[in-house]
Amino acid sequence: MRSEMKALKVLGQPLRRKEDLRLLTGAGRFVDDVKLESMLYLATVRSPYAHARILAIDKSEALAVAGVVDVIVPGDCPELDRPLPEVLEPGTLSNPYCDLHLTNPHHVLARGKATFQGEPVAMVVAESKLAAALGAEAVHVEYEELPAVHSAEDAMRPGAPRVHDANPNIIGHLKTAIGDLDAAFRKADFVIEERLAIQRLASMPIEGRGIVASWDARREEMTVWSTDQVPYRLRDALARMLDIHYDRVRIISGDVGGAFGGKGLIAEDLAAAALSRRLHRPVKWIESRSENFVSAHARDQYHDVRVAARNDGTLLGIDLKIVKDVGAYNHYEMVQTTNTVNHVLSHYKVPAFRAEGWCVVTNKVQMRPTRGAGRPEASFVMDRVLDFVAARTGIDPLEVRLRNIIPAEEMPYSNGLTYRDNVAISYDGGDYPRMLRLAAERLGYADWRKRQADARKDGRLIGIGISSSLEAGGVGPCEGARITIDDKGRVSVYLGVNSHGQSHETTFAQVCAEYLEVPYESVRVVAGDTALMRYGYGTGASRVGVNAGNAVMLAALALKQKIRALAAHVLGVGEDDVRLEAQRAFVASDPDRGRTFAQLAQAARANKRMIDLGGPGLTATEFFYPETVTWSSAVHMVAVEVDPGTGIVGVLKYAIVHDCGVPMNSAVVDGQLQGGTVQGIGAALGEEMVYDVSGQLLTGSFMDYPMPRAADVPPFEIEHLVTPTPKNPLGVRAAGEGGPVSPPAAFAGAVEDAIGKRCRITRMPLTPQRVFEIIRDAK
Amino acid sequence: MKPFQYRLAKSVPEAVAALAQIAEARPLAGGMTLIPALKHGLAAPAALVDLGGIASLRGVSFENGELVVGAMTTHAAVAGSPIVNERLPALGRLAGGIGDPQVRHRGTLGGSVANNDPAADYPAGCLGLGATIVTNLRTVSADEFFTGFFSTALAPAEVITSIRFPVPMRAAYVKFANQASRYATVGVFISQSANAVRVAVTGAGRSGVFRAGEMEQALAKDFRPETLPAHCVALDDLNTDLHASAEYRSHLINVLARRAVEACMGAPSRHPVRHGGAYAF
Ligand SMILES: Cc1cc2nc3c(=O)[nH]c(=O)nc-3n(C[C@H](O)[C@H](O)[C@H](O)COP(=O)(O)OP(=O)(O)OC[C@H]3O[C@@H](n4cnc5c(N)ncnc54)[C@H](O)[C@@H]3O)c2cc1C
């Protein structure tokens with residue numbers, strides 16, 4: 001597809017972000033900044049219990065609170081007596097592995113019983129935020145507490161209470177296999193078995209969720225300001241609920257303070273819109289941080305792995321059983337678990353592989369994806385396996401990896417698995433052995449091995465960890481871009497994807513500047529408004545760079561073609577005689593004869609040549625439909641020191657080698673990688689959502705849920721390799737989700753290596769207390 | 001948060017009068033504990049009497065061999081005070097290790113000590129130095145002031161005005177910070193003066209800060225880390241929570257006490273890995 005590798009001028013440059021001036025001077029506009037005339041405020045009454053029957057709701061006292069306009073309980077508002085729409089209707093992505101998927105209706109307000117602590121039970125709408133909060137406190141709900149299902153193991157045990165009366169607790173199942181696994185185990189010199197667990201954690205955006213919904217009764221239109229990552233899904237859901245054409249719903253997302261996968265449609269979105277139409281007033285809901293802690297979690301997946309290997313360190317086969325605790329509701333089919341299966345083989349050749357997975361409901365907060373979405377679990381499993389093989393055979397972990405790695409000559413490499421878009425997986429280039437060796441060089445692997453031995457003599461614990469990762473990204477169906485040049489030659493790019501910090505205004509301006517050959521400064525990217533583009537598929541799954549980036553490129557090329565055609569007509573020459581340069585179209589043989597883009601934009605308004613060129617104006621819209629995903633890759637290596645007294649893990653050096661194809665802005669790629677890696681370090685060393693056996697969340701605030709802070713973060717040695725993908729014209733691969741994938745595995749390896757004594761690290765996170773226990777038990 | 005009255009006091013007597021007059025009034029210092037408590041509905045006082053406008057409650061001085069710190073002096077001011085860092089650097093470092101910069105620039109000595117959070121740092125400093133808490137009514141020794149889990153000898157409408165810290169020969173505070181809150185999971189303050197060794201432990205005890213008598217005796221005989229007992233408190237008296245079991249806390253008391261003694265002896269730290277710095281988390 002990629003015809004010529006033209007020398008890039010603007011694309012890839014670490015240009016200053018266009019959004020920074022606004023954001024850094026406090027001029028960003030977030031949902032909570034939206035203040036409308038006569039606006040009402042929504043507050044949610046939540047179940048304090050993980051599992052409880054709702055016997056009665058008494059709203060009389062709440063209705064008497066000054067400023068309270070109404071209290072909504074099930075039955076009060078027919079629009080809200082419905083389940084939230086499934087994000088992925090079963091079979092949407094034709095998941096090739098999934099053979100069971102049960103959907104439990106997730107009602108806007110709990111019906112009959114609450115199934116997790118924090119579930120909305122009633123809502124209060126009031127004249128002020130305070131009145132709404134006081135009203136919510138005054139709603140009296142009578143509960144009968146039921147025994148809670150607090151873990152996946154608990155949920156699967158015979159006779160376990162049911163989270164949802166209508167369905168068993170196992171709601172999803174998948175399986176797949178490649179190669180002859182039985183033969184692999186027969187031929188094995190040894191077999192390793194282990195249970196490996198990734199904890200429950202959560203995306204922690206700096207801005208929580210929020211919505212303002214404003215019904216215009218005269219025009220019968222709904223305007224919504226929202227933090228949702230997929231505004232079009234919200235638009236469609238609201239249109240369905242309100243039973244109006246989706247063109248009558250407009251979703252605006254201005255600046256959004258991070259999302260990471262957690263910001264999707266929730267109860268308050270439907271409620272705000274329904275109540276705004278009923279009450280003919282705008283309704284606002286802003287999530288508090290405490291609410292954010294019980295709105296969506298992620299990961300919480302364990303893996304029973306059996307490995308057949310040879311004494312020379314080569315892998316023969318892997319048998320993997322996966323159990324994912326999805327909390328009370330699951331709107332994402334088995335996407336995360338499928339991602340784990342499809343990323344677990346990582347950079348390595350495994351002749352035989354069998355995977356089976358189960359999704360299990362519990363009385364905990366629902367799962368949504370978070371950055372990495374099944375991939376950190378995958379790297380954790382694979383790198384742990386390789387480290388165990390190294391420990392067992394006495395071969396250095398780096399060497400064990402080199403003995404199993406896919407050679408560059410075998411690219412594009414197919415491992416026999418199928419992606420969740422039902423296309424056979426094919427790694428589209430990259431040089432994994434080179435990445436691994438380069439990472440070892442950048443870390444100073446050999447040197448750290450020496451230092452490790454010396455430090456040990458003084459009782460100091462130094463260790464090295466290695467993790468490789470893959471990031472399939474750019475899943476379809478498509479994204480579009482419209483580019484318009486105005487009468488002064490200024491350029492607008494319209495997109496159907498909103499940004500929550502990914503620098504769209506910068507990177508897509510670079511794509512446009514590069515391929516339309518206009519100055520970066522003259523390009524403005526406009527997005528986050530469903531009135532501007534009618535279709536969009538969301539900012540998530542590392543899909544925007546590939547989909548929207550290529551759409552911008554295609555639209556730029558299409559617009560150039562249109563300019564060429566119009567210029568040929570205006571100048572009275574053939575299209576082949578027209579050259580474009582410096583925002584001007586001119587006759588190749590007579591460069592003085594020409595028109596600027598600005599002049600052509602004026603001409604295009606009424607010129608009849610435009611009849612065949614799509615109508616008036618210098619504008620072009622194109623959509624990019626990827627055939628399937630493209631694969632980015634990375635290797636992380638870390639040297640750590642473990643304090644044997646306290647169990648604290650400190651980073652001595654951290655090196656990353658990363659390949660995401662052609663970068664659109666190298667500084668933005670670095671930012672994505674660094675931020676993602678920091679999230680991964682949080683997951684490796686501290687973050688965990690902990691519940692007690694009654695289903696009460698014990699880590700409900702930042703006093704107990706640790707996030708890494710600036711001073712905790714080491715400098716990263718980053719090296720980029722650039723292997724353009726042949727799967728799209730820009731040659732770009734995904735860059736959004738790779739960062740957090742490897743740190744858990746790398747730290748597990750490093751801490752295990754530092755402690756030595758044949759200890760095995762099998763679960764995350766490595767909090768100081770857990771490291772202390774590992775040291776204690778290794779003695 | 002429920003609505004409440006707000007009074008900005010200009011003097012201690014004015015503050016005390018307001019506190020005595022209004023039922024369920026509370027003094028407001030830096031608000032780092034009180035405001036979150038209001039927000040979460042854990043406290044709902046009828047009025048807040050802000051001590052922030054009383055200049056006499058701020059500042060550090062050295063009088064009669066004691067360091068005197070005003071109740072409204074922020075942690076950052078103590079950490080940055082030349083007098084503190086010259087006379088009692090261990091106290092400066094304690095203040096500089098509280099929470100994060102925002103908390104250190106709002107939170108105050110008086111607020112911290114009045115609150116007596118079982119994981120706070122200053123109570124260990126007060127007890128480990130044998131400080132005297134000065135209020136509008138009286139002076140109270142640290143040994144008598146801290147009476148248990150979030151409780152003190154303060155009477156209603158009694159306001160801490162300053163704290164007097166005797167200056168020992170040497171002292172050190174070593175803290176193991178909670179990864180999330182940065183409060184002390186365990187903190188050990190050790191001081192040695194001509195007539196006594198004091199060892200105060202915060203974060204670990206079920207009823208708040210306490211003195212580790214066995215450790216004091218061992219160090220009084222022989223001030224070296226090796227002499228410290230491995231376990232100095234019954235596990236039943238130690239906290240177990242999400243972040244640390246009683247067993248882990250007991251272990252940490254010993255490890256941190258050793259490091260504090262080493263620090264008192266001027267040994268350079270052999271432990272590069274620490275929370276909140278050196279890329280440890
Ligand atoms: C994120 C975070 C991290 C923190 N980390 C640490 C830490 O690592 N170590 C640590 O020790 N502390 C920590 N703190 C607590 C902080 O240091 C403050 O010391 C503490 O919040 C109390 O001080 P304040 O001035 O904010 O008091 P306030 O919150 O204003 O008041 C606290 C209580 O004391 C009463 N009070 C205040 N002043 C007086 C007075 N002069 N006389 C009588 N009563 C009074 C108030 O009525 C109230 O009951 C942390 C706090 C936060 C929010």
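A polar contact is taken here as a pair of N or O atoms within 3.5 Å, and in this predicted model one such pair joins a polar side-chain atom of B:Y183 to a nitrogen atom of the ligand, the two lying 3.0 Å apart. Backbone atoms of chain B also take part: an oxygen atom of the ligand is found 2.7 Å from a backbone N or O atom of B:M32, and a polar backbone atom of B:L34 lies 2.8 Å from an oxygen atom of the ligand. The ligand, which taken alone exposes 960 Å², has 93% of that area buried by the protein.

The shell around the ligand comprises 31 residues, of which B:P27, B:G31, B:T33, B:T108 and B:R182 come nearest. By residue class, this shell divides into 15 nonpolar, eleven polar and five charged members. Among the secondary-structure elements of chain B, strand β2 (25-28) and helix α7 (109-115) each supply at least two residues of the shell, and α7(B) gives the most, with four residues.

In chain A, the axes of helix α13 (residues 445-457) and helix α18 (residues 743-755) come within 11 Å and cross at roughly 40°, an angle that makes α13(A) oblique to α18(A). The contact is formed by A:R449, A:Q452 and A:R456 on the side of α13(A), and by A:D753, A:A754 and A:I755 on the side of α18(A). The residues of this helix contact divide into three charged, two nonpolar and one polar.

Notes
Residues are numbered from 1 along each chain as its sequence is written. Chains are lettered from A and ligands numbered from 1 in the order in which they are written. This is a predicted model: local features need pLDDT of at least 70, side-chain atom pairs count only at pLDDT 80 or more; totals for chains, interfaces and linings use all residues. Side-chain values use heavy atoms; hydrogens and water are left out. Axes are lines fitted to C-alpha atoms, for helices over the stretch in contact, and angles run from 0 to 180 degrees between N-to-C directions. Angles under 35 degrees count as roughly parallel, over 145 as roughly antiparallel, 65 to 115 as roughly perpendicular and the rest as oblique. Contact means heavy atoms within 4.5 Å. Ala, Val, Leu, Ile, Met, Phe, Trp, Tyr, Cys and Pro count as nonpolar, Asp, Glu, Lys and Arg as charged, and the others, Gly among them, as polar. A residue is near a molecule or strand if one of its heavy atoms lies within 4 Å of it. A polar contact is a pair of N or O atoms within 3.5 Å; within protein, one must be able to donate a hydrogen and the other to accept it, and residues adjacent in sequence count only if both atoms are side-chain atoms. Accessible areas come from the Shrake-Rupley method with a 1.4 Å probe; for residues, only the protein chains shown count as cover.
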